[in-house]
Amino acid sequence: LRETEVGTYLDGTRLFPAGPARMDSPLTHLDPSAVQTIEVVKGPYALTWGAGNMSAIRLESAPLPQRGDETLNGNFSSGYDSNLQASEVAGSLSGRTGGVSLQGHGAWREGSDYESGDGTKIPADFLSWESRGKIGFDVGDNSLFSISSGYQWQEDLDYPGRLLNADNFKTLTVSTDFRTQRSEGLLREFDLGVYRNEVDHRMGNWEKPTAMPMAMRMPPFALDINVDSHIEVLGGRAAAELVNGPWSLRVGGDVYSANRDATRVIQNAVSGMQVGPTDLMWPNATITDVGVYTRVNRTLETGTRLAGAVRLDQVSANAGKATDFFRTNVSNDLDSNETNLSGAFTAGFDLGATWDLSLGIGSVVRTADASERYSDR
């Protein structure tokens, strides 16, 4: 599985690629030093995380300090890779005073071109820096309200295996979360969150063969190719966990609305004249998914664990513009709606102290993304 077939989540917020040619993975917009845990679900079993997860990856950044921990904590790391001529610096700081907890993180990385063992020059320039922060407020004895935000800037990234390089990525994430957790009673957990993330991305063909004149190519002159793309995601989620003896029930829902807009302009690198029309790689397309789900777990006296989940999603998609080619050869109707049903069942068995056997069957429906719906190339 690849691309949008794999759902990607950071601290409960859904992330999507920012490049219409799929230059980036959502995981590249978070510095590795900020990651506390990674959870991977192989197969169509992450129905409670979000819509269309044919498999899924969930990352959690460093948590806020727990109640009662008034210690100021921090860490710092730095390194240099001489083989790649790349350096890095990262650090974090966290603390709590009364009912307020704070956590901050920063990172900086830079790399340069280098030579392989046989002296071949490898394009490997990049610069990346980011800052992230969280603030939490205790609400009563069992609840926490938190606000998280992050900003990352990347520029001059070489992609040896791509037609274009990346001029820059600018990523902004903001989220709020309210969570109640209890160790007893029917209602064990309630979670409510709202988030927004956006990425501005610019690509170019500098240092690529197309940036140089070639007599046998059409056109033979040097080209200046620029792609500007923007993606903005608004979303939210709500869920409740109920426990009664060996039974547990999770009910909830989530929503996201992802808007994508991208254009490509090709010019004569010498005269500056535009070659051909402006390409609508993403035509201001918006996909909105509203989903509800329920999951039931039962643990038997033998230790066997049974779980079943079902999910229903209502999807709407539209584009604000389209080329004449698309309207003539594909469709003049840019709006569509669909309803998707997904479900899964798993069973786990203890086979002694060190062995475990699990079986699962599931079916998940992933809605088409903006490139699949509206690309006319």
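## Salt bridges and pockets

Arg2, Glu3, Arg22 and Asp369 form a network of salt bridges. The model is a predicted one. Across the whole structure, a search finds 31 salt bridges. Side chains of opposite charge can pair when their charged atoms come close.

Three pairs are listed here with the distance between their closest N and O atoms.

| Basic residue | Acidic residue | Closest N and O atoms |
|---|---|---|
| Arginine 67 | Aspartate 138 | 3.6 Å |
| Arginine 202 | Aspartate 167 | 3.5 Å |
| Arginine 237 | Aspartate 191 | 3.2 Å |

Take arginine 67 and aspartate 138, which form a salt bridge. This pair links distant parts of the chain, 71 residues apart. Arginine 67 sits in the loop between strand S4 (55-61) and strand S5 (73-81), and aspartate 138 in strand S10 (residues 126-139). Arginine 67 is partly exposed at 39% relative accessibility. Aspartate 138 is also partly exposed, at 23%.

Arginine 202 forms a salt bridge with aspartate 167. Arginine 202 is in strand S13 (residues 187-204) and aspartate 167 in strand S12 (residues 165-181), so the pair ties together parts 35 residues apart in sequence. Arginine 202 counts as partly exposed, with 28% relative accessibility. Aspartate 167 is buried, because its relative accessible area is 16% and the cut-off for buried is under 20%.

Aspartate 191 forms a salt bridge with arginine 237. Aspartate 191 lies in strand S13 and arginine 237 in strand S14 (residues 223-244), 46 residues apart. Both residues are buried.

Aspartate 191 and arginine 237 also appear at the largest pocket. This pocket has a volume of about 1,200 Å³. It is lined by 46 residues, and the closest to its centre are Glu60, Asp177, Arg179, Asp191 and Arg237. The lining holds 17 charged, 16 polar and 13 nonpolar residues.

The second largest pocket contains about 660 Å³ of space. Its lining has 27 residues, with Tyr45, Arg295, Asn297, Ala307 and Thr346 nearest the centre. Strands S3 (35-41), S16 (279-299), S17 (305-319), S18 (336-350) and S19 (356-363) each give two or more residues to this lining. By class, the lining splits into 13 nonpolar, eight polar and six charged residues.

Two further strand residues can be set side by side. Glutamine 103, in strand S7 (residues 100-111), is buried at 10% relative accessible area. Beyond its sequence neighbours up to four places away, glutamine 103 touches residues including Ala62, Leu93 and Arg132. Lysine 121, in strand S9 (residues 121-122), is exposed at 58%. With the same neighbours left out, lysine 121 touches Asp113 and Tyr114.

Technical notes. Residues numbered from 1 in each chain as written. Predicted model: local features only at pLDDT ≥ 70, side-chain atom pairs only at ≥ 80, totals over all residues. Heavy atoms only, no water. 1 Å grid on protein atoms, 1.4 Å probe; cavity = no way out; pocket = protein on both sides within 12 Å on 5 of 7 lines; lining within 4 Å. Points joined across faces, edges and corners; volume = space filled by probe spheres on them. Nonpolar A, V, L, I, M, F, W, Y, C, P; charged D, E, K, R; others polar. Helix = DSSP H or I, 4+ residues; strand = E, 2+ residues; numbered from the N terminus. Buried < 20%, exposed > 50% of the residue type's maximum accessible area, 1.4 Å probe, protein only. Contact = heavy atoms within 4.5 Å. Salt bridge = Lys/Arg side-chain N within 4 Å of Asp/Glu carboxyl O.
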